[in-house]
Amino acid sequence: ILANSKEKNINQRQDLTEKEFRDVFSKGYGYAIRKSSEGVPTVYLAMPVIKDNTLIGFIRISTPFVYIEIGFLANVFNEMIDKLRVNEEERRNIINNISHELMTPITNIRGFAEVIFSGKVKDKSEFEECIETIKKESDYLEDLIGKLNLLSRIDNLSMQYKFQPLDIRKIILESEKSLSLKAQQKNIKIYNEFIKDCPLIKADPNALRQVFINLLDNAIKYSPPDKNILVSLNREDKFLKIIVKDSGIGISDKDKEKIFERFYRIKDGLHEEKGIGLGLAIVKEILSSHRAEIKVESQLHKGSQFIITFPIIS
């Protein structure tokens, strides 16, 4: 540590093992929430310091949750929206959707943080419940910011894919593992039906991981407890077909035509989850960049299946 705003003349070694530093290498920035050394719920943000295209260090800022205001987050979202190629009407709709989605998590974060700072929380379990709610809402905000940032990178052609020959089975299994806890909480089991000799495709592993995490997350989110999800792979001539099939609430015909559009949200009383309609739009954008196609087949109350067709390496 070379400098710290709280102390003077610091020069000490420290292993940078915290999440915000580790995330810099994959995201370009790092973000984490945890209790500070004083026991206060705190937000940490780390950014890389680059010189001559070489990482030479980090700058980290932190602030207690109670100091986070709506205006700060609004500015972040406005900057991202400015980077997206949208007309004025779309911009108004985006801002309205984002404002609506921001209000609940921000209100919860501020409310629970103020309860903690007031000193009224005496019971350990109640304190942990407050922290867990703050973390959950912060994770949701981080995911929202991440999706907008990713979309703006795609729009500005700054998304740099690293194409390489891939066995897609590995990517699918990694995505399933990252969502295993979420599936266990609803007692949902994910089954795989993979062909024995899976042909290779040319793709960016991190981008494809984003695709399958989004698809599987939706399948878990919109399936009732104790249901199954099936991921199958089949070869059809020069293409690899991947199907993610759930036993969820399904999608109506009128919504099936629009679910891959940016900021489109289904409003039918069944799909009540948080979100501003970016997940499937990002999935389609990534797959289009890989010369792959995606479509959906679904009926209300009878589940959905998302079908991806990938060109095989010849």
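**Notebook: a pocket, three exposed residues and two cores**

I began with the second largest pocket, which holds about 1200 Å³ of space; the model I am reading is a predicted one. Rolling a probe the size of a water molecule over the atoms shows where empty space is left. I listed the lining of the second largest pocket and found 32 residues, with Ile1, Ala3, Asn4, Phe21 and Arg60 lying nearest its centre. Sorted by character, the lining residues of this pocket come to 13 nonpolar, 11 polar and 8 charged.

Which strand gives the most to that lining? I looked at strand E1 (30-35), strand E2 (41-51) and strand E3 (54-64), each of which supplies at least two residues, and noted that E3 gives the most, with 9 residues.

Next I turned to Pro165, which I located in strand E4, residues 164-166. Is Pro165 buried or exposed? I entered Pro165 as exposed, because its relative accessible area is 54% and the cut-off for that word is over 50%. Setting aside neighbours within four places in sequence, I found Pro165 in contact with Leu200, Ile201 and Ile313. I also checked Pro165 against Pro199: the two are 34 residues apart in sequence, and their C-alpha atoms are 9.7 Å apart in space.

I then went through the backbone angles, keeping in mind that most residues other than glycine have a negative phi. Asp237, which is not a glycine, has a positive phi near 60 degrees, and I placed Asp237 in the loop between strand E7 (228-236) and strand E8 (239-245). Arg291, likewise not a glycine, has a positive phi of about 60 degrees, and I placed Arg291 in the loop between helix H9 (279-289) and strand E9 (293-298). For accessibility I wrote down that Asp237 is exposed, with a relative accessible area of 64%, and that Arg291 is exposed, with a relative accessible area of 67%.

Last, I looked at the interior, recalling that in soluble globular proteins nonpolar side chains tend to be buried together. The largest nonpolar core has 48 residues, and Ile168, Leu208, Ile242 and Phe310 are those with the most contacts inside it. Helix H7, residues 205-221, gives the most to this core, with 8 residues. Apart from this core I found another, of 7 residues, including Ile33, Ile116, Val121 and Ile134.

What does Ile168 touch, not counting residues up to four places away in sequence? I listed Cys198, Ile201, Leu208, Phe212, Leu233, Leu240, Ile242 and Phe310.

How values were computed: Residues are numbered from 1 along each chain as its sequence is written. This is a predicted model: local features need pLDDT of at least 70, side-chain atom pairs count only at pLDDT 80 or more; totals for chains, interfaces and linings use all residues. Side-chain values use heavy atoms; hydrogens and water are left out. On a 1 Å grid over the protein atoms alone, a cavity is a set of points where a 1.4 Å probe fits but cannot get out, and a pocket is an open set with protein on both sides within 12 Å along at least five of seven lines; lining residues have an atom within 4 Å of a point. Grid points are joined across faces, edges and corners, and a volume is the space filled by probe spheres set on the points. Helices (H or I, at least four residues) and strands (E, at least two) are DSSP runs, numbered from the N terminus. Ala, Val, Leu, Ile, Met, Phe, Trp, Tyr, Cys and Pro count as nonpolar, Asp, Glu, Lys and Arg as charged, and the others, Gly among them, as polar. Buried means under 20% relative accessible area, exposed over 50%, partly exposed in between (1.4 Å probe, protein chains only). Contact means heavy atoms within 4.5 Å. A nonpolar core is a set of buried Ala, Val, Leu, Ile, Met, Phe, Trp, Tyr and Cys residues joined through side-chain atoms within 4.5 Å.
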